[in-house]
Amino acid sequence: MYRIFSNKTFLILSVAIVLIQSTYAQEQISQEERMAWWENARFGMFIHWGVYSDYGGEWNGTDYGKDTGGPSAEWIYLTADIPKKEYEKKAFEFNPVNYDPEEWVRLAKEAGMKYMVLTAKHHDGFALFDTRATDWNIVKSSTYKKDIIKAYVDECHKQGMRVGLYYSHEKDWYNHKKVRRDTSAVSKDYTEIVRTHLKELLTNYGQIDLIWFDMGINQHRELNQMCYYMVREYQPRCIISSRIGNGLGDYKNLGDRELASPETEGYVESIMTLRLNWGYDKNDNNWKSAEEVISMLSKCACRNSNFLLNMGPQPDGRFTPEEMVRLKAIGRWVKKNGDAIYGAEGSPFKGEYHWGSVTIKEKNLFLHLYNWDSGAIQLTGIKNKVNNAQMMDDATPVIFKQDSEKITISIPQKEKNKIVPVIVLGLENELDVNINDGPTWLPPKIKHITRKEVTGLLISADGNVFSVFDGEKEVRFELNEDVEYRINDKGNISIVNGYHPEKGKNYRIIYSPWENTIVEIITLLQ
C-alpha cells in the first residue's frame with residue numbers, strides 16, 4: 001500500500017484517497033488477473049481525435065505538425081499559442097457529422113485489433129464526453145452536442161471489443177496551465193476537475209478495461225495516486241498505463257513510436273503512428289506502408305510486447321483513405337497468421353535470428369520471417385524434435401532437416417512475394433531451449449525522426465545545391481529525389497508535384513540533421 005504524502009492544502013484530498021484505499025483493499029484483484037486479456041490481445045487501436053483535428057496541424061499559414069519538427073498536430077493549441085477565444089470558436093465549429101462508432105469498431109475488428117483506446121480528454125482539456133466538471137466539453141461547447149464517449153463505449157460493448165480511454169491527467173492547457181511542463185503544486189480546482197472527470201468516466205459507461213493516462217510526473221505524486229486509487233475503487237479490473245507516473249501502472253508504455261527490443265521483459269506496450277503525427281494532419285504524407293506496419297506487429301509479438309497502432313480521424317469523424325487501405329491489408333494478414341500473434345508467447349531468447357524471430361503456443365513454434373530475403377534459414381537453440389513444418393497461411397509443406405546443433409528449413413521461393421511469411425513447426429513436446437545456443441543478434445533500434453527548419457531568402461542555386469540566408473547566416477542544402485514541395489499562398493498550404501527553388505524568393509526548409517543532411521520539405525512562401 002502506498003503512503004500518502006500531503007500538506008494542509010490537500011488535507012481533504014488526502015482523506016478521500018485514504019477512503020479509496022480502504023475500499024480498494026477489500027476488492028484487490030491481482031495484476032495477473034487484470035492483465036490476462038491484455039497479454040493475449042497483443043494488438044490494439046489508438047485514436048487521437050478532438051478539436052485539434054479541425055486545424056489539421058495548420059494555423060495562420062504555418063504548419064505546426066510533427067512532419068515539420070513540431071511536437072505533433074494535436075499539440076497545436078500550445079505550439080501555435082492559439083488564443084483561448086480562438087480555440088473556443090474552433091471547438092464550437094467541431095461538428096463530426098460522419099462519426100460512426102459502429103464502423104470504427106468494425107474496422108478495428110476486421111484489422112485484427114482486440115482493444116481500442118480513444119482520447120476522452122487530450123492536453124487541450126476538451127472532454128469528448130458530457131461532464132459536470134466544466135462546460136469545456138463536446139456537449140456544451142460544440143455544435144455536435146452529443147456524448148462521443150458514450151457512443152464509442154456502447155459500440156465496443158456491443159461488438160465485444162475491449163474498451164480503453166485515454167485521459168490526460170497531467171497536462172490540461174485550458175483548465176490548468178498552458179505550458180509544456182510544470183512541476184509546481186497542482187491547484188485544488190484542477191484536482192477537483194480531474195476527480196470529477198474520472199468518476200464520470202469510471203461510473204457512467206459500464207465496464208472500462210483500460211485507462212491510458214499520459215505525461216504523469218513524479219513531482220505530482222498526490223494527483224497520480226488519486227487517479228490510481230479511483231480506478232482501483234470504481235473499476236477494480238481496469239488496467240492502468242505506466243504514464244500515470246510514480247511507477248503506479250500495470251504495464252510499461254514505451255516511448256512514442258518505439259518498438260520493444262528483443263530483451264524486453266514484463267508487460268510492455270509499443271505505440272506507433274501510421275504517419276508522423278498522432279492527431280489528424282492534412283500536410284503529413286509520411287505514411288508507413290502496410291508491410292512495414294505488419295512487420296512491426298510481428299516483431300512486437302516475438303518480443304513479448306503489445307502493439308497499439310494509432311489512427312488520426314478527419315474532423316468529420318471518418319478515417320482517412322490511407323488509414324482504411326492499411327487497416328484492410330493488416331486484416332488480410334492477421335486473418336491468416338493471427339494464431340501466431342494472439343495468446344502466443346514471445347521468443348525465449350535474448351537476441352534474434354537474422355531472418356526474424358519466433359512465437360510459441362503449446363506445441364507449435366511460429367517462425368516470423370520479417371527479415372528474410374531468400375534461401376534456407378537455420379534455427380539454433382531448439383532442443384525439441386520437430387514433427388512437421390508448413391506455411392501458416394496456406395498449409396504448404398516445408399522441407400526441413402534437423403541435427404543435434406540446428407534445424408535447417410528450405411523455404412519455397414514463392415514466399416518472397418508475401419508480406420512477413422510465417423512458418424509453423426509442430427513440436428513433439430512443449431518447447432525446450434538451450435539459451436546459450438540460441439540467437440544473440442540485436443537489430444538496430446528504429447530511429448526517431450527529428451527535424452529542424454530554416455526560413456529565409458534563397459541567395460544562390462547551382463543545380464541541386466542551393467543556399468538560404470536566414471537573416472544571420474547562409475545555410476546550404478542539396479536536393480534529393482524524395483523531397484516534398486509545398487506552396488504557402490497567404491495561409492493556404494498546398495502540396496505540388498515539384499518546382500525548382502528560385503533565387504530571390506523566400507522558402508521554409510524542413511530537414512533532418514543527421515550525418516548527411518536530408519531535405520524533407522521545401523515550402524515556397526508567397
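**Close-up views of a predicted model**

**View 1. Met392 is buried, at a relative accessible area of 16%.** Buried means a relative accessible area under 20%, exposed means over 50%, and partly exposed lies in between, as computed with a 1.4 Å probe on protein chains only. The structure is a predicted model, in which local features need pLDDT of at least 70 and side-chain atom pairs count only at pLDDT 80 or more, while totals for chains, interfaces and linings use all residues. Residues are numbered from 1 along each chain as its sequence is written, and side-chain values use heavy atoms, with hydrogens and water left out. Met392 belongs to the loop between strands β14 and β15. Helices (H or I, at least four residues) and strands (E, at least two) are DSSP runs, numbered from the N terminus. Not counting residues up to four places away in sequence, Met392 touches Lys336, Asn337, Asp339, Ala340, Phe366, Val422 and Val424; contact means heavy atoms within 4.5 Å. Val153 is 239 residues from Met392 along the chain, and the C-alpha atoms of the two are separated by 34 Å.

**View 2. Ala395 lies in the loop between β14 and β15 (399-402).** How exposed or buried is Ala395? With a relative accessible area of 41%, Ala395 counts as partly exposed. The phi angle of Ala395 is near 65°, a positive value in a residue other than glycine. A positive phi is also found at Lys490, where the angle is near 55° and the residue is again not glycine. Lys490 sits in the loop between β21 (484-489) and β22 (492-496) and is exposed, with a relative accessible area of 75%.

**View 3. Helix α10 runs over residues 321-337.** The expected span of a helix is 1.5 Å times one less than its number of residues. For the 17 residues of α10 this gives 24 Å, and the end C-alpha atoms are 25 Å apart, so the two values agree. The buried residues of α10 are Glu323, Arg326, Leu327, Ala329, Ile330, Gly331, Trp333, Val334 and Asn337. These buried residues pack against two helices and three strands: α5 (101-110) and α9 (290-302), together with β1 (43-47), β10 (306-311) and β17 (422-427). Asn337 of α10, listed among the buried residues, is also one of the residues touched by Met392.

**View 4. Thr119 is found in strand β4 (residues 115-121).** Thr119 counts as buried because its relative accessibility is 1%. Leaving aside neighbours within four places in sequence, Thr119 is in contact with Ile47, His48, Trp49, Tyr52, Leu128 and Tyr166. A polar atom of the Thr119 side chain lies 3.0 Å from the backbone oxygen of Trp49. The Thr119 side chain also makes a polar contact with the side chain of Tyr52, at 3.5 Å. A polar contact is a pair of N or O atoms within 3.5 Å; within protein, one must be able to donate a hydrogen and the other to accept it, and residues adjacent in sequence count only if both atoms are side-chain atoms.

**View 5. Asn384 occupies the loop between β13 (377-380) and β14 (386-391).** Asn384 is buried, with a relative accessible area of 6%. Which residues does Asn384 contact, leaving aside its neighbours within four places in sequence? They are Gln402, Leu427, Asn429, Glu430, Leu431 and Asp432. A polar atom of the Asn384 side chain lies 2.8 Å from the backbone oxygen of Glu430. Asn384 and Leu327 are 57 residues apart in sequence, and their C-alpha atoms are 37 Å apart in space.

**View 6. The structure holds three cavities of 30 Å³ or more.** On a 1 Å grid over the protein atoms alone, a cavity is a set of points where a 1.4 Å probe fits but cannot get out, and lining residues have an atom within 4 Å of a point. Grid points are joined across faces, edges and corners, and a volume is the space filled by probe spheres set on the points. The largest cavity has a volume of about 70 Å³. Its lining includes Glu170, Lys171, Asp172, Trp173 and His220. By class, this lining has two nonpolar, two polar and seven charged residues. Ala, Val, Leu, Ile, Met, Phe, Trp, Tyr, Cys and Pro count as nonpolar, Asp, Glu, Lys and Arg as charged, and the others, Gly among them, as polar.

**View 7. The second largest cavity has a volume of about 50 Å³.** Among the residues that line this cavity are Thr273, Trp278, Tyr280, Asn310 and Glu323. The lining divides into four nonpolar, five polar and two charged residues. Glu323 also appears among the buried residues of α10.

How values were computed. On a 1 Å grid over the protein atoms alone, a cavity is a set of points where a 1.4 Å probe fits but cannot get out, and a pocket is an open set with protein on both sides within 12 Å along at least five of seven lines; lining residues have an atom within 4 Å of a point.
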